[in-house]
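Student: Before we go through this model, please show me the sequence and the structure. I would like to start with the pairing of the strands.

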Amino acid sequence: TLGVDAAILFADILLISEPLGFQLSFEESEGPVIHNPFRSPADLKRLDKVEADFDLSYVMKAIHLIRSSLKPHIPLIGFAGAPFTLASYLIEGHGSQDYRHTRSVLSDIKVWDGLMKHLVEATISYLNAQVAAGAQALQLFDSWVGILAPEEFQRLVLPYLKLLISRLTPGVPVIYFGTQTAPLYPWLKDMGATVI
């Protein structure tokens, strides 16, 4: 045995994109690709509601299996993409160097708000289902948030992170993991996460 303090279920952050209504594939040279990316106000109408217990039942089954094979004192950490990084993938359709499409959607606050609220609701369903299945802590993965200036983060991302975290199962620790986030720290510490 490895003697670890905890185990984590790393499920790709884009698994949730399929029940949302996106066509996802994993390409050998490109990684994940969204074939029908979110690009316009009309795309808000095609977003489906996520019922994680049903739509992502295979993840919950994996959590049950992992939890049953872990020693009782080893906690299992659930996992999901944070709304900004998830939104950026859904908008760009794949990895990006300039985030041109994301910045275009960001410039329309009503569309951005609609997309983010939908992703927050889906992620709440997903993470709370993971807790019900046996996860004892949760991690939000925000690998692309470091492209934002502090003012952009405060205005366009932080309110949605606060909303998401406030509606997760009470008493379950939440880990927030972002990259290149040092300039955002004054606001990160107020989002409600247990660990940054």
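Student: Which residue of S4 is the bridge partner of Ile 8?
Tutor: Strands are DSSP runs (E, at least two residues), as helices are (H or I, at least four), numbered from the N terminus. S1 and S4 (residues 76-81) run parallel and are joined by two bridges. Within S4, Ile 8 is bridged to Ile 77.

Student: Which pLDDT do local features need here?
Tutor: Residues are numbered from 1 along each chain as its sequence is written, and side-chain values use heavy atoms, with hydrogens and water left out. This is a predicted model: totals for chains, interfaces and linings use all residues, side-chain atom pairs count only at pLDDT 80 or more, and local features need pLDDT of at least 70.

Student: Which are the edge strands of the open sheet?
Tutor: Two strands pair if DSSP finds at least two bridges between them. The sheet has four strands in the order S1-S4-S5-S6, with parallel pairing. Pairing on one side only marks the edge strands, S1 (7-8) and S6.

Student: Which residue of S6 is bridged to Gln 139?
Tutor: S5 (residues 137-142) pairs with S6 over five bridges, in the parallel sense. The partner of Gln 139 in S6 is Ile 175.

Student: Which residues make up the uncovered face of S6?
Tutor: In a regular strand the side chains alternate between the two faces of the sheet. S6 (residues 174-178) has Val 174, Tyr 176 and Gly 178 on its covered face. Its uncovered face consists of Ile 175 and Phe 177.

Student: At about what angle to S4 does H6 run?
Tutor: Axes are lines fitted to C-alpha atoms, for helices over the stretch in contact, and angles run from 0 to 180 degrees between N-to-C directions. H6 lies across S4 and S5, and its angle to S4 is about 170°.

Student: Are H3 and H6 roughly parallel or roughly antiparallel?
Tutor: H3 (residues 57-69) and H6 (residues 109-133) pack with axes 9 Å apart, at an angle of about 30°. Angles under 35 degrees count as roughly parallel, over 145 as roughly antiparallel, 65 to 115 as roughly perpendicular and the rest as oblique. The angle therefore makes H3, relative to H6, roughly parallel.

Student: How many charged residues are in the contact of H3 with H6?
Tutor: On the H3 side, the contact (heavy atoms within 4.5 Å) uses Val 59, Met 60, Ile 63 and His 64, and on the H6 side Tyr 126, Ala 129, Gln 130 and Ala 133. Ala, Val, Leu, Ile, Met, Phe, Trp, Tyr, Cys and Pro count as nonpolar, Asp, Glu, Lys and Arg as charged, and the others, Gly among them, as polar. By class, six residues are nonpolar and two polar; of charged residues there are no examples, so the count is none.

Student: Is Ser 17 buried or exposed?
Tutor: Ser 17 belongs to H1 (residues 17-20). Leaving aside neighbours within four places in sequence, its contacts are Phe 22, Leu 24, Ile 34 and Leu 90. Buried means under 20% relative accessible area, exposed over 50%, partly exposed in between (1.4 Å probe, protein chains only). Because its relative accessibility is 0%, Ser 17 counts as buried.

Student: How many residues of H4 are buried?
Tutor: Those of H4 (residues 83-92) that are buried include Phe 84, Tyr 89 and Glu 92. The helix is mostly covered, and the number of buried residues is 10 of 10.

Student: What is the C-alpha separation of Phe 10 and Ala 132?
Tutor: Phe 10 lies in the loop between S1 and H1, and is exposed, with a relative accessible area of 57%. Along the chain, Phe 10 and Ala 132 are 122 residues apart, and their C-alpha atoms are separated by 17 Å.
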